[in-house]
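Dear colleague,

I am passing on to you the structure that I have been looking at, and since you have not worked with it before, I have tried to write out what I found in an order that can be followed with the model open beside the text.

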Amino acid sequence: MIRRQRLAAGVCALLAALAAGIAFPAAATAGEPTGEATAKVDLVLDVSGSMRTRDIDGGTRMAAAKQAFNEVLDATPEEVQLGIRTLGANYPGNDRQTGCKDTAQLYPVSTLDRTEAKTAVATLSPTGWTPIGPALLKAAGDLQAGDGSKRIVLITDGEDTCAPLDPCEVAREIAAKGIGMTIDTLGLVPNTKLNKQLSCIAEATGGTYTSVEHTDELTDKVNQLVDRAADPVVTPVATEGAAQCTDAPTLKSGLFTDREEFGQERWYRVEVMAGQELRASVSVAADRAVGPDYGALLRAVTVHGREIVRGEAAGNGRTDVISTGLRYPKPERDDDDSDKPAAETVCLQVTNSFSAASGVKTTPGLPLELTVDVVDGPSHSGDVASFGLGRGWWLLGVLVLVGFLAGLIWGWLSRWRVAVWRTN
């Protein structure tokens, strides 16, 4: 038994050592950070009457939010300007028109005075309606100025009560302005309709939706989102693809935006030197009502029309954005190839299969975001695109070998155990 335990421990140690020793190639970042631009975050808190409900760690939803906010304010990075906006905090009456205007800036988006911000949060008491749409519009105005990252974090326990101003449409309107604003949503109640609405709001701007049911979860998630706002921002560059490769713009490494009509194809050109690797990805967003089934295709082809590699993705209406990507490593030149050009022009073709819903305008085209990154390729030509795995091929071989050895040892241990059992 002791020998078996030692062998098993040895196998585990071998696997752990291999896992720790495997070095994955670092992905290069496309585009350049904007530098010293100030990051801004507006925390939008639901203070409607339902926040009195006691179902979070034995206390009210409002108490959980206050505790989370206090901890978040203590941990906010110095380089982040933070503000707090409320919805449903001031009007306790039944007049819907008045209740749907009930959103106010509790603490302005500015360099944080923690004591002042905490004092403001402490005064909050669950009061009125849930005007999510109007609050998001106001929050977008709070963050409009400046070049840094802009993030709205919405915390709510209920659906918007101010239709027909649909919060999802408000989020799409904010995204369409092209001001680089992200909305993240956190739901305090695991409710299907609420989850759907908050997911739609987040997806419209490339944000995230999270359902939280405990105070520590809420604290951790808000802290994570505030910290993320301090990350360097890559500013997309507007470009215009062509209808064919010969007329396409030549792109360097970076992040680019364009518009693509329904079912249209857009072409771009990239120069790839021998020994370099082209990495490209594309996201196409549905900023209006579309059919439930759609797809996106990204192809790399030669100037003569021969396909090199492709990436494709399909959707079924659950998200508003679809993304795909590809990699093309160009081998180093051999001595025999010295008479060939060192650079190759690669044509990137982007196609979508979105269809507009009945009565929906088809212009302008759908928002398209293209990332192009040209980096140093694999060290040896033998590593290039082995079955599409590139440098990951040797990793797969190591894992297969480890699995084979572990299977042999496990089989031997099993046979030994059966033999001991029969002997006894």
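What follows goes through one strand and its partners, then a single arginine, and then the nonpolar cores.

Please keep in mind throughout that this is a predicted model.

A good place to begin is strand β16, which spans residues 343-352 and is mostly covered, with 9 of its 10 residues buried. Strand β11 (residues 265-273) runs antiparallel to β16 and is joined to it by 9 bridges, and within this pairing V270 has V346 of β16 as its bridge partner. Strand β13, made of residues 294-301, is also antiparallel to β16, and here 6 bridges join the two; in this case L297 is the residue whose bridge partner in β16 is T351.

Strand β13 also holds R299, a residue that deserves a slower look. Is R299 buried or exposed? Its relative accessibility is 16%, and because the cut-off for buried is under 20%, R299 counts as buried. Setting aside residues up to four places away in sequence, R299 touches W267, E307, V309, R310, L326, C347, L348 and Q349. With two of these residues there are polar contacts between side chains: the one from R299 to E307 is 2.8 Å, while the one that joins R299 and Q349 is 2.6 Å. As for R310, this residue lies 11 residues from R299 along the chain, and the C-alpha atoms of the two are separated by 4.3 Å.

Turning to the nonpolar cores, the largest has 33 residues, and those that touch the most other members are L43, L45, I155, L186, L218 and V226. The elements that contribute two or more residues to this core are β1 (39-46), α2 (61-75), β4 (80-87), α4 (114-122), β6 (150-156) and α8 (215-229), and of these α2 gives the most, with 7 residues. If you would like one residue from which to explore this region, L45 may serve, since apart from its neighbours within four places in sequence L45 is in contact with M51, M62, A65, F69, R85, T86, L87, L124 and I155. There is also a second, separate core of 27 residues, which includes F262, Y268, L298 and V346; V346 is the residue already mentioned as the bridge partner of V270. As general background, nonpolar side chains in soluble globular proteins tend to be buried together.

With best wishes

Technical notes: Residues are numbered from 1 along each chain as its sequence is written. This is a predicted model: local features need pLDDT of at least 70, side-chain atom pairs count only at pLDDT 80 or more; totals for chains, interfaces and linings use all residues. Side-chain values use heavy atoms; hydrogens and water are left out. Buried means under 20% relative accessible area, exposed over 50%, partly exposed in between (1.4 Å probe, protein chains only). Helices (H or I, at least four residues) and strands (E, at least two) are DSSP runs, numbered from the N terminus. Two strands pair if DSSP finds at least two bridges between them. A nonpolar core is a set of buried Ala, Val, Leu, Ile, Met, Phe, Trp, Tyr and Cys residues joined through side-chain atoms within 4.5 Å. Contact means heavy atoms within 4.5 Å. A polar contact is a pair of N or O atoms within 3.5 Å; within protein, one must be able to donate a hydrogen and the other to accept it, and residues adjacent in sequence count only if both atoms are side-chain atoms.
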